[in-house]
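Student: I should like to examine a single helix of this protein closely. Could you please describe how it sits among its surroundings?

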Amino acid sequence: LLQLFRPLDMLGWVYRSIRQGLIDMADMFRLLDTQTEVEDAPGAPALLIRRPTVTFEDVSFGYNRDRQILHRLSFEAPAGSTVALVGSSGAGKSTIGRLLFRFYDPWEGRICVDGQDISKVTQSSLRAAIGIVPQDTVLFNDTIGYNIAYGRDDPSENEIRRAAADAAILPFIESLPDGFDTEVGERGLKLSGGEKQRVAIARTLLKDPPILLLDEATSALDSRTEQDILATLKRVSADRTTIAIAHRLSTISDADIIHVMDAGRIVETGSHAKLLKRDGLYAEMWNRQQNEDEEPREAAE
Ligand code: ATP
């Protein structure tokens, strides 16, 4: 009988959350896709992190049984390193992020953080340890201060200011007549793509997670804003384990390790220099993107 009422409970929860403006994409995603699938193991302990190493061990996965997306995928992100996942569209990069956040469980293999299988610890402790800077940040119709503080219990004004400063958005906020009390979102001030991303970075800084997941963090930005944001992200990720999912190779060329994915498999691994020398898929993608970057300029001349 309890099972029967769960969907109704969930609907009530969604309704209340939307009314309070408290729903975010992660909650929505969890709700729609996995609320019924992924559950904490009975008596699961909290994840305990001393060194935030992330390992995927022979992970196979598909969203549906008839279509496998990841094929025995293994890689390690050593504590404090920056690991980039690149590859063609549909290769499975974002799927890796969703598995790390445990929106889904792998069919086979396991994913560990600091040696602990993430399917054996509480989801709340796992998610508290991972900060996401997503492709497109959803802002709430509330103040910019609220949007930065979202996800943290009762941060002090000072902490919010520091996070904004570290995300390089403090001068912008201070230039607004109402400062941190400025209403943003559909009914308030519209922020640019870069400003929204800085809000997401400030939100993540306030959460202070040992692991960062950057999902194509610099998409749809002009190249100067992109460079500025990249510099900020580099500072932010310096002493955290960072997994960066990227389309544009220029954004991740200084990662410690780059994994090149194709159709759910890692096909090349190495530093930027090593992968260029190898003259394989990465080199081909790099050369193609360099040419694409040059084309508009040539056309303008
Ligand atoms: P892109 O670079 O275009 O973002 P990606 O490498 O991140 O691609 P994924 O988003 O991981 O690729 O998707 C891998 C495959 O899984 C794709 O073929 C996609 O259609 C499929 N897929 C993604 N999400 C779902 C879902 N919720 N249900 C079913 N299939 C999905």
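Tutor: In this predicted model, the buried residues of helix α8 are G194, Q197, R198, V199, A200, I201, A202, R203, T204, L205 and L206. Buried here means that a residue has under 20% relative accessible area. By that criterion eleven of the 15 residues of α8 are buried, and the helix is mostly covered.

One may then ask which elements cover the buried residues of α8. Among them are two strands, β6 (130-133) and β7 (211-215), together with the helices α5 (144-149), α6 (157-166) and α9 (223-237).

The helix itself comprises residues 193-207. From its first C-alpha to its last, α8 reaches 21 Å, which is close to the 21 Å expected at 1.5 Å a residue. After α8 comes D208, and the phi of D208 is positive, near 55°.

For context, another part of the model deserves a brief description. Four strands form an open sheet in the order β2-β1-β4-β5, and their pairing is antiparallel. At its edges lie β2 (70-77) and β5 (116-117), each of which pairs on one side only. Strand β1 (residues 54-61) is joined to β2 by five bridges, and these two strands run antiparallel. Within this pair, F61 stands opposite L70 of β2. A helix also packs on this sheet: α3 (residues 93-100) touches β1, β2 and β4 (108-113). The direction of α3 makes about 110° with that of β1.

Note on methods: Residues are numbered from 1 along each chain as its sequence is written. This is a predicted model: local features need pLDDT of at least 70, side-chain atom pairs count only at pLDDT 80 or more; totals for chains, interfaces and linings use all residues. Side-chain values use heavy atoms; hydrogens and water are left out. The expected span of a helix is 1.5 Å times one less than its number of residues. Buried means under 20% relative accessible area, exposed over 50%, partly exposed in between (1.4 Å probe, protein chains only). Contact means heavy atoms within 4.5 Å. Two strands pair if DSSP finds at least two bridges between them. Axes are lines fitted to C-alpha atoms, for helices over the stretch in contact, and angles run from 0 to 180 degrees between N-to-C directions.
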